[in-house]
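Colleague: I'm new to this model and would like a close look at one part of it, the way two of its helices pack. Could you then lead me outward from there?

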Amino acid sequence: MSNLRYSPWCATLAALALAAAPASAQRPAPLQPGLLRVCADPDNLPSSNDKGEGFEQKIADLIAKEWNTKLEYVWYPTRRGYFRILNGMYCDVAMEAPAGLDMAGGTKPYYRSAYVFVTRKGSGLEDVTSLADPRLKKLKIGVNLYTSDGENSPPAMALSRYGVVGNLKGYSTFFSGGGSRPDDIVKAVASKEVDLAIVWGPTAGYYAKQSPVPLVLQPLPAKDSLSDMPFRYSIGMAVRRRDKVLRDSLQTVLDKKAPEIGAILKEYGVPVLPIEEEKEAPKSSGVAPQPKADTARVSGRG
């Protein structure tokens, strides 16, 4: 089969407007002709939300239009992860997955980003670029927490090697339902609740772009010299390992639509770095914590 076609799943369809389908229990099912089910978080901008405002959804639109196929979103919180529902056949593709992930089959990376220092413009801290900076021991630093168990982000864990522990303030990475939101950590920098924050690049870039207070982003190095903890990640899409035709067809679209995808990421303020080969799969670091439930909400496009 040619990689330029996606004939097993293509179909001629009407307009691809977002439909507000009622919530229902999604059941496991194999790939269906004319339908692509996308794993998505209903409240996780800049990636996705149930209003179709995330960059994942803009990219999914490109794919659907290229294949002339129907999109259906299977909603599931990112904080619980996608890969069990992906492998359990509730959905067909996760739009973001770390390159080299061993629990799913992945495309080549379509973007690479980094954790970044977020500071206020004019604070005198705009030149902080390393965890080894001695100023960090005296500053109040916002860091992300990934789970209810208080799992820290890679930079937060690495900071302990430099003796920077007691001056950290944790913020939820995801919408928790209890009022905390992923943009809280960026707003904390703007409001001077913290002196600076260390945030995953796409989240930092998106919310910094919206901030009424000018903010500066500085990427962390590729790896920490003391802990060897990686701070930069290449991101691709994930499918089930056996769905190689789907994976290869997605890769064809990613290659063909690379300029448009780059423009979408830029529009959302995502800090993008040159893509490099991942020598090993990143460990669970909040990009996709493991899911627990076995049902999800579904809404359709088309």
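At what angle do H1 and H6 pack, and how far apart are their axes?

Modeller: One thing first: this is a predicted model, so local features need pLDDT of at least 70 and side-chain atom pairs count only at pLDDT 80 or more, while totals for chains, interfaces and linings use all residues. Residues are numbered from 1 along each chain as its sequence is written, and side-chain values use heavy atoms, with hydrogens and water left out.

Now to your helices. H1 and H6 pack at about 105 degrees, and their axes are 10 Å apart. (Axes are lines fitted to C-alpha atoms, for helices over the stretch in contact, and angles run from 0 to 180 degrees between N-to-C directions.) H1 brings Ile63, Glu66 and Trp67 to the contact, and H6 answers with Leu246, Ser249, Leu250, Val253 and Lys256. Contact here means heavy atoms within 4.5 Å.

Follow H6, residues 244–256, and you meet a second helix partner in H7, residues 258–267. The axes of H6 and H7 come within 5 Å and cross at roughly 75 degrees. On the H6 side the contact uses Leu254, Asp255 and Lys256; on the H7 side, Ala258, Pro259, Glu260 and Ile261. So that you can place these pieces, the protein has seven helices and 13 strands in all. Both kinds are DSSP runs numbered from the N terminus: helices are H or I with at least four residues, strands are E with at least two.

Back to H1, which spans residues 55–67 and gives the most to the largest nonpolar core, with seven residues. That core has 67 residues, and Ile59 and Ile63 are among those with the most contacts inside it, along with Leu131, Leu136, Leu196, Ile198 and Met237. (A nonpolar core is a set of buried Ala, Val, Leu, Ile, Met, Phe, Trp, Tyr and Cys residues joined through side-chain atoms within 4.5 Å; buried means under 20% relative accessible area, exposed over 50%, partly exposed in between, with a 1.4 Å probe and protein chains only.) Take isoleucine 198: setting aside residues up to four places away in sequence, its contacts include Tyr115, Phe117, Leu131, Ile141, Pro155, Leu159, Ile185 and Leu220. Apart from this core there is another, of 14 residues, including Ile85, Tyr90, Ala94 and Ala238. Over the whole protein, 51% of the 302 residues count as buried. Of the contacts with a separation of 6 or more, 78% are between residues 24 or more positions apart.

Next, go past the end of H7. Glycine 269 sits in the loop between H7 and strand S13 (297–300), and with 21% relative accessibility it counts as partly exposed. Beyond its neighbours within four places in sequence, glycine 269 is in contact with Gly205, Tyr206 and Lys209. Glycine 269 also lies 9.1 Å from proline 46, C-alpha to C-alpha, although 223 residues separate them in sequence.

Proline 46 deserves a stop of its own. A cis peptide bond, with omega of about 15 degrees, joins it to leucine 45. Proline 46 is in the loop between strand S2 (43–44) and strand S3 (48–49). It is also one of the residues touched by threonine 203, whose contacts beyond four places in sequence are Pro46, Pro182 and Val186. Threonine 203 belongs to helix H5, residues 201–210, and its 13% relative accessibility makes it buried.

There's one disulfide to find as well, a disulfide being a pair of cysteine sulfur atoms within 2.5 Å. It joins cysteine 39 to cysteine 91, with 2.0 Å from S to S. The link is right-handed, at 85 degrees about the S-S bond. Cysteine 39 is in strand S1 (35–40) and cysteine 91 is in the loop between helix H2 (83–87) and strand S5 (93–98), so the pair ties together parts 52 residues apart in sequence. Both cysteines, 39 and 91, are buried.

Last, two backbone spots to look up. Lysine 192 is not a glycine, yet has a positive phi of about 70 degrees; it is in the loop between helix H4 (184–190) and strand S10 (196–200), and at 61% relative accessibility it counts as exposed. Aspartate 228 isn't a glycine either, and has a positive phi of about 65 degrees. You'll find aspartate 228 in the loop between strand S11 (215–219) and strand S12 (232–239), where its 48% relative accessibility makes it partly exposed.
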